[in-house]
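This briefing looks at enclosed space in a model and at the surroundings of one of its helices. Please read it alongside the sequence and the coordinates.

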Amino acid sequence: MSIHPLKIGNIEVSVPVIQGGMGVGISLGSLAGAVAKEGGIGVISAAQIGFREPDFDTNTKEANLRAIKKEYEKARAMAPEGIIGFNLMVAMRHYEAYVSAAIDAGADIIISGAGLPMDLPKIAGGSDVKLAPIVSTEKSARVILKYWGKKYRRMPDLLVIEGPKAGGHLGFTKEQLAEYGSEGTYEQEVGKILKAVRQYEEQFVCRIPTALGGGIENRSQAARAFSLGVDAIQVATRFVTTEECDADIRYKEAYLHADEADIAIVKSPVGMPGRAIMNPFMKKVMAGEQIPHSPCHRCLHQCDPAEIPYCITDALIHAAKGETDEALLFCGAYAYKAERLETVKEVIDSLIGERV
Ligand SMILES: Cc1cc2nc3c(=O)[nH]c(=O)nc-3n(C[C@H](O)[C@H](O)[C@H](O)COP(=O)(O)O)c2cc1C
């Protein structure tokens, strides 16, 4: 496999590996800084990023805005010359304010999914931050390319394609997950997405680099992804079991101890399917138990606290803090393969080979 730097406009990323954003509190400044230092793109998740701030419960938005700056500065101190971005979920309330805070902090790139970031160019305004929507299907790719083209006369600086083996919330219906479950089926969809990208590149006389993520956990899978014609890979699950990952050690151990049969598709209160490790918490949820929650932080647009079986913020904060029996343990399809804690450098080397 021959590896080329990833070019995103005037930015050159020497190692074409993007560390996928992981909320809540899994990819913060430490992990993102370590990946950026190794030459990849380190991505901080802004999802409820202020959960450790003392006023998080009473002043959630301000706590998050403050933490965006702090985590960015931490990553930047580790990788003064590296490429550091933020993952921002469209479904988050105050999305616009968080995007602006990430840009003000100094982010090189905003990667945005969990909904289509239709008006991200407007929010980013005249800033030269790079903008990267996440799509999962040809349909969603065409919707965003058409809309940005028509309304903003611009194309994404990078398009991230996230497949069905990814962790966290998945951009597929349960039926689509079943359809793409068999080997190779999703690759056809990737081909269609890349065809759409090539059409828009021609129309807008520009280059739109692409990244593919979801279940890339070794070198041959990385090589396979590049052979489909993408410019970079986005990897998340492999980085959870690193020394530098911001999660509590008990969260990392949950990955190390998981078997294949422990990994399941679960329904999140957001209404989207997600992938997680089965644990006492998820068994209760599956059995129809209503999990009491803390006062609402008003984090998501489409969440009615009176209707949900559990609060996703509570469950993900439990995860980040290592309270694993009470937590939603998001993970990718191959999380069970992790056998030991590694360094970020070891993970990157195992994916694309050692660099000189
Ligand atoms: C623990 C965990 C949390 C995640 N959280 C987010 C998130 O907050 N926002 C998002 O867009 N993607 C999220 N993802 C998806 C990743 O960014 C990434 O694209 C995907 O997991 C790549 O597949 P892989 O984990 O198999 O490498 C999460 C993934 C994991 C494993």
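With a threshold of 30 Å³ or more, the count for this structure comes to one cavity. The model is a predicted one, and the points below take up the cavity and then helix α5.

**The cavity**
- The space inside the largest cavity amounts to about 90 Å³.
- Its lining is made up of H293, C296, H297, R298, C299, L300, C303, P305, I308, C311 and I312.
- By residue class, the lining of the largest cavity divides into eight nonpolar residues, two polar ones and one charged one.

**Helix α5: extent and end**
- Helix α5 covers residues 138-152, which is 15 residues, and reaches 20 Å from its first C-alpha to its last, close to the 21 Å expected at 1.5 Å a residue.
- Just after α5 comes R153, which takes a positive phi of about 50°.

**Helix α5: buried and exposed sides**
- The buried residues of α5 are S140, A141, I144, L145, W148, G149 and Y152.
- These buried residues lie on the same side of α5, because they cover an arc of only 155° around the axis.
- On the face of α5 turned away from that buried side are the exposed residues K139, K146 and K150.
- Among the elements that cover the buried residues of α5 are two helices, α4 (120-124) and α7 (185-204), together with the strands β7 (130-135) and β8 (159-162).

How values were computed
Residues numbered from 1 in each chain as written. Predicted model: local features only at pLDDT ≥ 70, side-chain atom pairs only at ≥ 80, totals over all residues. Heavy atoms only, no water. 1 Å grid on protein atoms, 1.4 Å probe; cavity = no way out; pocket = protein on both sides within 12 Å on 5 of 7 lines; lining within 4 Å. Points joined across faces, edges and corners; volume = space filled by probe spheres on them. Nonpolar A, V, L, I, M, F, W, Y, C, P; charged D, E, K, R; others polar. Helix = DSSP H or I, 4+ residues; strand = E, 2+ residues; numbered from the N terminus. Expected span 1.5 Å × (residues − 1). Buried < 20%, exposed > 50% of the residue type's maximum accessible area, 1.4 Å probe, protein only. Arc of directions from axis to C-beta. Contact = heavy atoms within 4.5 Å.
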